[in-house]
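Trainee: I am new to this structure and would like a close look at one part of it. Please pick a part and take me through it step by step, then show me how the rest of the chain is arranged around that choice.

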Amino acid sequence: MEKKTSAKRFLLRMISGLLVLLGFSACTNDDGPMDMYGTPTTEYQLKGKVTDAETGTGIPGIRMVFVEHPEYPGIPSDTVYTASDGGYDYASRRIDYLAEVIFEDVDGPENGVYPTTKQTVKFSQKDYKRVGDWHTKVEKSDLDFALAPEKSPE
């Protein structure tokens, strides 16, 4: 009985040692790309100008809400405001694609009155640049939007 137990113990130790050696040999990077963990993201660097559709002048004080998933209202959005010349600068890292921008006139009638509007943002495949194995980057410095002023009732 004791011979069976010691033989069994010896066999288990040999198998354990073999598994340890196989495990360490699988950790080398010589056989191809390393496994990666995490979530792929896209880094957005967007600049542009929000202008009046009729006059072409920049509109200051417009709140721009960048929405990732409009179908899921609970997901947080990013917000920027246009500068005095109507320009904006948006930088963010997102897990998914950017879907739409909501424009809200929050400064009152000082610079004209513009109704809250939504515009879809679309990027082509050439806009996405590969950064590393999993991450991409979108850089656009000419992403301009034109808003139509609210018509006064006559």
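Mentor: Let us take strand β2 and the sheet it belongs to, and then move outwards.

A word on the ground rules first: this is a predicted model, in which local features need pLDDT of at least 70 and side-chain atom pairs count only at pLDDT 80 or more, while totals for chains, interfaces and linings use all residues. Residues are numbered from 1 along each chain as its sequence is written, and side-chain values use heavy atoms, with hydrogens and water left out.

The protein chain holds 1 helix and 9 strands; these are DSSP runs numbered from the N terminus, helices (H or I) of at least four residues and strands (E) of at least two. Following the sequence, you meet the helix and then the strands, in the pattern α-β-β-β-β-β-β-β-β-β.

Our sheet is an open one made of 4 strands, in the order β3-β2-β5-β6, with antiparallel pairing. Two strands are said to pair if DSSP finds at least two bridges between them. At the edges stand β3 (78-81) and β6 (117-120); each has a single partner strand, so one side of each lacks a neighbour in the sheet. On average, and ignoring direction, neighbouring strands here are turned by 25° against each other; the axes behind such angles are lines fitted to C-alpha atoms, for helices over the stretch in contact, and angles run from 0 to 180 degrees between N-to-C directions.

Now come in to β2 itself. This strand covers residues 62-67 and is joined to the antiparallel β3 by 4 bridges. In the pairing with β5, also antiparallel, there are 6 bridges. Val65 is a good place to rest your eye. In β3 the bridge partner of Val65 is Thr79, and in β5 the partner of Val65 is Ile102. Arg63 is another handhold, with Tyr81 as its bridge partner in β3. Strands of a sheet pair through backbone hydrogen bonds, either parallel or antiparallel.

How covered is β2? Of its 6 residues, 5 are buried, so the strand is mostly covered. Buried means under 20% relative accessible area, exposed means over 50%, and partly exposed lies in between (1.4 Å probe, protein chains only). For the protein chain of 154 residues, 28% count as buried.

β2 also contributes to the largest nonpolar core. That core has 19 residues, and Leu46, Val50, Met64, Tyr88 and Phe145 touch the most other members. Two or more core residues come from each of β1 (42-52), β2, β4, β5 (100-105) and β9 (145-147). A nonpolar core here is a set of buried Ala, Val, Leu, Ile, Met, Phe, Trp, Tyr and Cys residues joined through side-chain atoms within 4.5 Å.

On the way from β5 to β6 there is a loop, and Thr116 sits in it. Thr116 counts as exposed because its relative accessible area is 54%. Leaving out residues up to four places away in sequence, Thr116 touches Ile102, Phe103 and Glu104, where contact means heavy atoms within 4.5 Å. Thr116 and Arg63 are 53 residues apart along the chain, with 9.6 Å between their C-alpha atoms.

Next, visit β1, where Thr51 is found. Thr51 counts as buried because its relative accessibility is 16%. Beyond four places in sequence, the contacts of Thr51 include Gly56, Ile59, Phe145 and Leu147. Gly87 is 36 residues away from Thr51 in sequence, and their C-alpha atoms are 8.7 Å apart.

β1 pairs with β8 (residues 135-140) in the parallel sense over 5 bridges, and Thr42 has Thr136 as its bridge partner in β8. β8 also pairs with β7 (residues 128-131), antiparallel, over 4 bridges, among them one matching Tyr128 with Val138. β7 and β8 form a hairpin with 3 residues between them, and Gly132 in the turn has a positive phi of about 75°.

Last comes Ser92, in β4 (residues 87-94). Ser92 counts as buried because its relative accessibility is 14%. The side chains of Ser92 and Asp78 are joined by a polar contact of 2.8 Å. Further along or back in sequence than four places, Ser92 is in contact with Thr42, Glu43, Tyr44 and Asp78. Asp78 brings us back to our sheet, where β3 spans 78-81.

Terms used:
A polar contact is a pair of N or O atoms within 3.5 Å; within protein, one must be able to donate a hydrogen and the other to accept it, and residues adjacent in sequence count only if both atoms are side-chain atoms.
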